[in-house]
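Subject: Handing over a structure

Dear colleague,

I am passing on the structure we spoke about, so that you can open it alongside this message. Please look through the sequence and the model first, and then read the notes underneath.

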Amino acid sequence: MNWDDQAATFDDQPDHGLRDPVVRAAWAARLAAWLPGAPADVFDAGCGTGSLTLLLAEQGHRPVGVDRSPEMVRRARRKLAEAGHDPEITVGDAAEPPGHFDVVLCRHLLWTFPDPAATLRGWIASLRPGGRLVLVEGRWGDSGLTAAEVAGTLRPMVREIVVEPLPDPALWGRPIDDERYAVVALP
């Protein structure tokens, strides 16, 4: 998929653009629950147009966003600048964190990597002591990964895994009938 082509309409989906105040508040609450107290250095892997990056900055964290799509990165930079924030957002490979972080956050991206286990190992290696991995994933038709697949892959790599189902329509802007979940893992 060419993500540059998707960038112009990406934020039209309620859970992407977070324009609906109810959806935005639901994601802000989830992030606050999953992340350590601010300020934390957070790698936003596959940041897209920067909607979660912006929530992170608003909560007092120091996000670093990386996305493969130059157009998504351009839109993310503009979104954050318009809100008065200037985090590092760059074009790059989300599987290769640019440094060490307190948190690696990834939403709906892990399933796109050819070797998700290798990507997870790289993300875990980029975590500082006491860091955490926060994955928001799902299984939609023939795409994505189940919670059992992600937890099974992570289990040998981490000491603690919490899987949280995310069926709440407030997160997605509509009722869903597929599997959506978060995994918070501590190495």
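Below is what was found, going from helix packing to the aromatic rings and then to the cysteines.

Please keep in mind while reading that this is a predicted model.

I begin with two helices. Helix α1, which covers residues 3-10, packs with helix α5, residues 70-82, at an angle of about 30 degrees, and their axes are 7 Å apart. On the α1 side the contact is made by Trp3, Asp4, Gln6, Ala7, Ala8 and Phe10, while α5 contributes Pro70, Glu71, Met72 and Arg75. Sorted by class, the residues of this contact comprise 6 that are nonpolar, 1 that is polar and 3 that are charged.

The aromatic rings come next, and the structure holds 6 aromatic pairs. One of them joins Trp27 and Trp34 in an edge-to-face arrangement, with 6.4 Å from centre to centre and 70 degrees between the planes. Trp27 is buried, its relative accessible area being 0%, and Trp34 is likewise buried, with a value of 4%. Another edge-to-face pair is formed by Phe113 and Trp123, whose ring centres are 5.9 Å apart and whose planes stand at 85 degrees. This pair links distant parts of the chain, 10 residues apart: Phe113 belongs to the loop between β4 (101-107) and α6 (116-125), whereas Trp123 is in helix α6 itself. Both Phe113 and Trp123 are buried.

Ring pairs also link Trp27 and Trp34 with Trp172 into a cluster, and two arginines are placed over rings that belong to this cluster. Arg107 lies over the face of Trp27, at 4.8 Å from the ring centre, and the charged end of Arg180 sits over the ring of Trp172, 4.5 Å from its centre.

Finally, how many disulfides does the structure hold? The number is 0, and for Cys47 and Cys106 the distances show why. The sulfur of Cys47 has its closest cysteine sulfur in Cys106, at 11 Å, which is too far for a bond, because a disulfide requires the two sulfur atoms to be within 2.5 Å. Seen from the other side, the closest cysteine sulfur to that of Cys106 is the one in Cys47, again 11 Å away and too far for a bond. Cys47 counts as buried at 8% relative accessibility, and Cys106 also counts as buried, at 0%.

With best wishes

Note on methods
Residues numbered from 1 in each chain as written. Predicted model: local features only at pLDDT ≥ 70, side-chain atom pairs only at ≥ 80, totals over all residues. Heavy atoms only, no water. Axes fitted to C-alpha atoms, helices over the stretch in contact; angles between N-to-C directions. Helix = DSSP H or I, 4+ residues; strand = E, 2+ residues; numbered from the N terminus. Contact = heavy atoms within 4.5 Å. Nonpolar A, V, L, I, M, F, W, Y, C, P; charged D, E, K, R; others polar. Phe/Tyr/Trp six-rings, centres within 6.5 Å; stacked < 30°, edge-to-face > 60°. Buried < 20%, exposed > 50% of the residue type's maximum accessible area, 1.4 Å probe, protein only. Lys NZ or Arg CZ within 6 Å of the ring centre and 35° of its normal.
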